[in-house]
Each structure stands twice: as structure tokens, then as C-alpha cells.
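Trainee: I should like to learn how to read the features of a structure that is new to me. May we proceed one feature at a time?

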Amino acid sequence: MAPPPKPLHASFLCSLALALLRAGRLSAASHVAAALPAASPPAALLRRLIPALASSGLAAAAVRFRPVPGDPLTINSILRSHCALRSLGPALALLRSSGSVDTVSYNVVISGLAEHGHHGVLAPALLAEMCKRGVPFDTVTVNAALVGLCRNGQVEGAAALAEMMVRGGGIERLDVVGWNALIDGYCKAGDMAAALGTAERMRRQGVGVDVVGYNSLIAGLCRAGEVNAARDMLDTMKADGVEPNVVTYTTFIAECCKRKAIDDAFSLYEEMVRMGVLPDVVTLSALVDGLCRVGRFSEAYALFREMEKIGAAPNHVTYCMLIDSLAKAQRGTESLGLLGEVVSRGVVMDLVMYTALMDWLGKEGKIDEVKDMLRCALADNHTPNGITYTVLIDALCKAGNVDGAEQALLEMEDKSISPNVVTFSSIINGLVKQGLLGKATDYMRKMKERGIDPNVVTYGPVIDGFFKCQGQEAALDVYHEMLCDGVEANKFVVDSLVNGLRKNGKIEEAEAFFRDMNERGMLLDHVNYTTLIDGLFKTGNMAAAFKVGQELTERNLLPDAVVYNVFVNCLCMLGKSKEAESFLKEMQNTGLKPDQVTYNTMIAAQCREGKTAKALKLLNGMKRSSIKPNLITYNTLIAALFESGAVEKAKYCLNEMSSSGFSPTSLTHRRVLEACSQSGRPALILEIHEWMMGAGLCADITVYNTLVRVLCYHGMTRKAAAVLEEMSGRGIAPDTITFNALILGHFKSSHVDNAFATYYQMLHHEVSPNVATFNTILGGLESAGRIGEANKVLNEMKKSGIEPSNLTYDILVTGYAKQNNKVEAMRLYCEMVGKGFLPKVSTYNALISDFAKVGMMSQAKELLNEMEKRGVLPTSCTYDILVSGWSKLRNGNEGAYCCSVLSFRSSQHPVKRYRKLPAEIIPESPLTASLHALCAAAASVVGVVLVISLNLLLQDDPSNE
């Protein structure tokens, strides 16, 4: 340890410190003084040094020294420095431990507490402490205490304290500063009646309202939305001889800008300049913000550049505001350019700017840049607050990283930063998007346990998510819970409920809910109306849809492009393309420009109707309107042209698509090949495939599977096998879908052995078969009449660990029934229903037919009863089989019963009409006449079979004459 300096050395350092102090080099003087031993700095030096450091803003240097005992000046200077550094604990400790404090000491600490909001509540306690210690207080003390309480939101407490001080004789009367504190407190609390009443009391007590008081009143009225009252207050201010200052005008200008009344804002700005009041950086920043709000970015940017010339250089708030506005307007490049300027100009980036940039980057989906921005903020010694963490959590949720968002929430809580309703709402929204509704509801419960009430933004996504994932009842339960919590629905919730109800087939309830919300005075927008119109159209209620559209216009909500697109789309879906065209014309007449969606909808409608010439005409109209066709446009048109056989026009469109910069996708490939297939020109399939490959189609497994499937559909299995070899040459391994398509193709072509060879080839390539593979093989065997070989396939299924599916059993039961193997068919049927599978109607028909063929009609009827018990509706084919079976047994009663059942069913669910049997085939009689009527009602061939059967019975039974 170094020996202490000698007296001569200490004396020299002391002289040097004084010399530096006289020269104004305060930092150097403090370093020299700090090098002296604790006991050696003379009081004379400290009495000059500590106040100088405190008044020069070098608070950190001032608090390194101890105050001179018995000297209030040094004590007060150190107290002021502690308050400037927000070291309120050390300030209070020094105040209470020192015996030389005075009124100024307490004033300094009370003012320091008031500056830091929530600590202002300690002011009354310090006033009581002053009384105990015999330290007198003055108007400054009282004013500081009032400011502290008002900033803490305890305005009534501040008013009571002021009253007590005046009545108790602590102060003679409240001065203008104290009155201003109360007025400002009431204004910020939104109690304008109390604020105006305080101003009136102030006047009655002979204290005139000054510019600060008037500015507080004007700002409060503006915040309350009472702009006219604020203007009246400005007139009163002028009448009282108080000249408005820059704060007065800036308050009005900022309010005009918030309301997007930018012309009024500039009128006030011109008046301000005429009155000789120079604008400051806050005034000009407000105007820049106003211009951005109305989308006049070029003017905002020009004013921003003029600020420095006016003498009010942009500060970090101006930069932050402009960067944020540009980002929200999707002008990210300009925003990043300004960010570079912030760095190059040395403008201090505070936490607000970092948070704004994080918010923009998060909305752009640039999550890595969000994290980088947070790291930069930490590197600049900024401590993230609740808003910063909320922005980070929201960005992570939007990027789908809910786990990361939950980690950020835990980190936030570890740092004792309380999440708010926005934080939880972001997490809940992210969880809902991932389908994790259970976790979302858990978070809602946690919110309530912590005393954070979910709001409509919290409930909205949850209601929407429950509709999409868990059904109507669960969604409505959440909605009723929201209402019980006293949360009113907003437009998003209305849209979710209307959309959810109409998707669940409850369009009447959806419309009733919509009407109810309207009657309650909710201002519904285009989106809400569009959702209801779309739902009404899709349920076929055109009249109601048009009525809602009429209401939209009556409420001065002029239809936008989206509304017209819904009308056009729904009319096209209903096959009313002419009406859709009239809507397109009306849309153009109202000055609205049809977009890609409008034209694509119209083109698709014309293509569905086979009117490709009209579709091409619409394409040309689209180009004339300077609307670029997209991939959807070309895919729709090309597929329709190939389907209609207009091969050359389709090829021309393919070339146009390629020259427009669109490469064919797997969707284009699939739609075009399927269209070629349906057009009856399978020879084109390979040609078009090769062309697309040359046009930049990415050759992947999806593309090749489509090609193999389409070729196999047309029995071109050799070419499909060649495609398999081509795939191997390109390094694309065939998958289960590829082999399944080939196996099905071989079975369709009746090449059963080739199908099995393909299956073994599949195993050789180590491609695992799935249940569809085995169902395809079993279906092929059933079609070929070789269902007896099914056991071999079932053993293969068992070896692969694949359980038979519903379709497997349908194929087996049908196959054995067709082979008249009743025992095996019924065994498999019992096994099927025992496993909880529901047979198809065709399966029941096969079983019933098998029994009917051999006259076992009681068993056939039992199957019919079982079929109905299981909710499988018999078809006309089922009754045909039964009637035919009973006619062979000459059982007229059962046949008539079947026919009457079918007649009733046909009236409920109309079936396909069959050609009437010529009258001359069946001799006319009263009974046959009634049977003719019965047949007409049934509209089925069953009636014809029954008539013939019963006529045979009549010939043998004379009593039916």
C-alpha cells in the first residue's frame, strides 16, 4: 500500500485543485481533490468545488465527496446531485443523517421525488418530518409537494394539503405555481370541471392565471376532445392580456394533426409566426407527424429537412416519429435510410426509437433484425421496459415462435417487469394461431389471477380460434364469458361470430346477431357487411344479400373493391355470370378499379362454363386496365383452354406466362395435365410436360407423381414406367404415391400380374406401402374377380404393421358377396362393425343382393333394418334389389311396402328420374293405375319392376279382378 502524501504534497495538490477550479476545469479539479486523503481536503476547497460540480451538471463527480460539516450549501449541492442521478435512497439517507439541513435541503429532495412520479407520494411524510425537526417550510416546499402528489395522480390529496397549509398558517396563501400544479393535475386526470373550478377560485383569491395555467387548461380540453372550448379558452387568455406562447400554439397544432386537420394546423402555424412566436422542435415535429398521418410524406420530408435551417434541428423524437410513420406506410427503405442518418449525425437513440424500430421490423417479419436491434439497445446501456418486451413478444408470436415469446415473458418477469394486457394478448394470439387453444385459455386464467383483465383484443382471437378448431358451442361460451366480464364486442369479434355461425350453417343466427349489434349502435364497417353478404350468397339467399348491400350504401359506407369482389364471386359461383358482368361494369362506373381478384373471379367463372373466348376477352381487358395477370390467371385460363381442346391458344398462353416472368409451378403442371386428360387428348400429356420442364418447372416428386397418375389414368402404364426410370436418372426417388399410382394403372388396364410386380419393385426400392397401397391391390383383385387371393394381401398388411381401414373392409365384403361367398362376406361384415367401422351403402347393397339372389329375403330385410339403424340411407338401387327379390318370391305385400317407402324417401330427397315404361306393356286395371301413380311419385325404376311383378301376381289371383 502506498504511503500517505506528505503535508507539502497535499498542500500542493490543494493549490492545484483551486487553480483548476478558477480556470473552469472542474473535472480535472475534482480528480485532483479526489486524490487527497479523506481528511485532508480543506473545507474552503470543498465549499467551492462541490457547488460548482453540482451546478455544472457533473453530479457523479459531486457525490464522490462528503459535505462540509455544518455547511448547508455543500449538503444541498450533494442532495441536488443525488436527485439528478435518481439516487433517491442516498439522498434521503443524507438528508436524515445530517444535522445542518435547512428548508432548501428539504425543497431539493421533495422536488427530486416529485420529478420521479410515483415517489411524489412521500412529500407529505417529509413535510411532517420538517415540522418535527423544526425546519420551516415556504411556498417552494408546498409547491414541490403539490407537484409530486399531482404527478402521482393524487390531485385531491394535493388540494387537501394546500387547503391545510393555508388554513394552518404554514403559508400565507397559495401562489401561482401551486395553483398551476393543481390545475395541471386535474387536467391530466381528465377532470376538466375541477380544473376550470380551480382556475376560477384562483382568480377570486386575486391570483391571475398565467400562461402556464392557460396552457394546462387548453391542453386538457384538447385531450378531452373539446377543441371548440379550447379555442374559447385561447380567446379568454388573450382577453386577460396573457400572450400565447410556443407551448400554446404547439398544443393546438398537435391536436389538429391528431385529428388529421392538417390545413387548420398550418393556419395556426402561420398565425403563430405572424404573432412573432418562433416555433420550436416540438412544433415542427408535430407538423411533420400531421403530414405523415395524412400520407403527405414528400411534404413531411421537405419540412423535416427545413427544420435545421429554421433553427430547430430535428431531435431523436422527430427522427423516431418519421421513421415509425414511414415504416407503417410500408416505406421501409426510406426508414432505414433515416436510421443511417441518425447514426451518422450522432443523434442519441433512446429506448423509444429502438422500440419503434423493433416494432416495425417485427411487423415486417424480420425477427432476426428485431433481436439485433434489442442487442444494440442493450449495448447502448438502455434497459428494456415493458413496452420493449411486449414488442419483442409480439414479433416472436407473429413469426410463429411462441416458445421464444414465452421465454421472453419469463425473462421479463425475472427482471421484475410486469407484463400488461397487451403482452398477454400477443402471447394468446400467437398460441391461437398455432392451434394451442388450451394454453391460450391457461394464459387468460393467469391474467385474471394477476388482476389483469382481458380486453376485447384478448378475447377476439380466442373466439375466432375456438370457431375454427373446437366448434360453435366452445366459441359461444368464450363470447358469453367475455360479456360476463363486462367487455363489449368490437368489429373483429362481430366478424368472427358472423363468420363462424355462417360456416356452421347458422346464417339466420349470424344475421340476427349482426342486426342486434347494429341496433345497439355499433358502427359496423365494410368488413362486417362483406362477411354477412358473402354468407347469405353462399346459402343461396340472394335477396337478403342484396338487401344488406343496399343497407351498406344507405349508411354512407360506399362499397369498396372488396365488397364488389364478393358480389362478383358469389354470382359467379351461382352460375350467374351475366349479373356478375353487370356488377363489374357498375364497379367501373363508380370509379373503383377492378383488381386481380375481380378479373380472376370472372375469368374462372367463364372457364367453368366453357366460355374460353369470353375469358380471353376478359384477359385482354385486364391488360388494358394496366392490371398484370398473375399465376392464378394463367393457370385457370390454360387449364380451361386445354380442356376445351383449344390447344394452340393454350400453348400461346403458356408462352405468354413464361415471357411475363412466371415459371410453371407444380399446381400449373397438375391443372394443365388434368385438363389435357379430360379433353380426350392424352397424347398431349408428355408433350406439355416436356414444354413445362423447359420453361423452368422445378422437377420434384410432386410433378412426377402428377405425370405418372395422369398417364396411368389413361392406361399408358408403359410410359408411366418409363417416367419412373427418368426420375431415377434425375436422382428423384419414387415414393409411396408414385408406386400406388402405377399399381392402380396396371389394375385398370387388367394387368394384375404387372400390378403385383410393381408392388414387389416398391419393396425392392425400400419404399413402405401404406393402407392405400393395399386397398388399391384389394380393389384390383375384387374388380378382376380374384378376391380369393385377398388373404395373401392381408398377410402382407399384417407383416407391414398396417391395420385394415373402413375401405379395406368395404372392398372385401363387396368382393366376397359378389362371389356368392355369404359366410366369408358376413364374417368380414361382423368384424368390420365390431371394430366401429361404418359400411358404405354399396357394401350393404352387395350383401343384400347376395341374399336376394337365393331368395333369402328375410335376411336381406334384416340387413336393410340394420342399415337404417346405423344411419346409412338406402338408395334406389337398394330398393330395386329388394323389390326384384320379393317379385321372384311373388311377395306383393313386401314389394308394395318397399315401393311406398321409396316413394316417401323420393319426396324428401328427389332421385334421378327414369324413362317411363310404355303404357301398352302393362295392362290397365284399378290397381295398376294406382301403381302407375306410385311409380311416378317414386321416380324410380323400382316402380316399373313392382308393376310388372304385381301384374304377374294379379294374373294368378282372381280376387284382385
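Mentor: We may. Let us begin with a term: a helix here is a DSSP run of at least four residues, and helices are numbered from the N terminus. Please keep in mind that this is a predicted model. Leu 828 serves as a first case, being found in helix α48, residues 822-834.

Trainee: Is Leu 828 buried or exposed?

Mentor: A residue counts as buried under 20% relative accessible area. Leu 828 has a relative accessible area of 3%, so it is buried. Leaving out residues up to four places away in sequence, Leu 828 touches Tyr 809, Leu 812, Val 813 and Tyr 816. Tyr 809 is 19 residues apart from Leu 828 along the chain, and their C-alpha atoms are separated by 6.9 Å.

Trainee: How many helices and strands are there in the chain?

Mentor: The chain has 54 helices and zero strands. Of its 961 residues, 48% count as buried. Among contacts between residues at least 6 apart in sequence, 59% join residues at least 24 apart. The chain exposes about 46,700 Å², and carbon and sulfur atoms supply 55% of that area.

Trainee: Which residues touch the most other members of the largest nonpolar core?

Mentor: A nonpolar core is a set of buried residues of certain types joined through side-chain atoms within 4.5 Å. The largest one in this model holds 293 residues, and those touching the most other members are Ile 253, Val 288, Ile 463, Tyr 479, Met 482 and Phe 642. Helix α33 (residues 561-573) gives this core its largest share, nine residues. To follow one member, consider Met 482: beyond its neighbours within four places in sequence, Met 482 is in contact with Val 456, Tyr 459, Ile 463, Val 487, Glu 488, Ala 489 and Val 493.

Trainee: How should one read the two sides of a helix?

Mentor: The general idea is that an α-helix has 3.6 residues a turn, so residues three or four places apart point the same way. Helix α16 (residues 262-274) provides the case: at 1.5 Å a residue its 13 residues should span 18 Å, and its end C-alpha atoms are 19 Å apart, which agrees. Its buried residues include Ile 262, Ala 265, Leu 268, Tyr 269 and Met 272. These cover an arc of only 120° around the axis, so they lie on the same side of α16. On the other side of α16, Asp 263 and Arg 274 are exposed.

Trainee: What covers the buried residues of α16?

Mentor: The cover includes α14 (227-239), α15 (246-258), α17 (281-293) and α18 (297-310). After α16 comes Gly 276, whose phi is positive, near 80°.

Trainee: Which residue has a positive phi although it is not a glycine?

Mentor: One of them is Ser 750, with a phi of about 65°. Ser 750 is found in the loop between α43 (736-748) and α44 (752-764). Since exposed means over 50%, Ser 750 counts as exposed at 60% relative accessibility. Glu 766 likewise has a positive phi, of about 60°, and is not a glycine. Glu 766 lies in the loop between α44 and α45 (771-783) and is exposed, with a relative accessible area of 72%.

Trainee: How is a pair of aromatic rings to be read?

Mentor: Such a pair is described by the distance of the centres and the angle of the planes. By the rule used here, the count comes to 11 aromatic pairs. In one of them, the rings of Tyr 479 and Phe 513 have their centres 5.7 Å apart and their planes at 90°, so the pair is edge-to-face. The pair links distant parts of the chain, with Tyr 479 in helix α28 (residues 472-484) and Phe 513 in helix α30 (residues 507-519), 34 residues apart. Both Tyr 479 and Phe 513 are buried.

Trainee: What angle do the planes of Tyr 634 and Phe 662 make?

Mentor: Their planes are at 55° and their centres 6.1 Å apart, so the pair is tilted. Tyr 634 is in helix α37 (residues 631-643), while Phe 662 is in the loop between α38 (647-659) and α39 (666-678). Tyr 634 is buried, with a relative accessible area of 1%, and Phe 662 is partly exposed at 25%.

Key
Residues numbered from 1 in each chain as written. Predicted model: local features only at pLDDT ≥ 70, side-chain atom pairs only at ≥ 80, totals over all residues. Heavy atoms only, no water. Helix = DSSP H or I, 4+ residues; strand = E, 2+ residues; numbered from the N terminus. Buried < 20%, exposed > 50% of the residue type's maximum accessible area, 1.4 Å probe, protein only. Contact = heavy atoms within 4.5 Å. Areas by Shrake-Rupley, 256 points an atom, 1.4 Å probe, with all protein chains shown as cover. Expected span 1.5 Å × (residues − 1). Arc of directions from axis to C-beta. Phe/Tyr/Trp six-rings, centres within 6.5 Å; stacked < 30°, edge-to-face > 60°.
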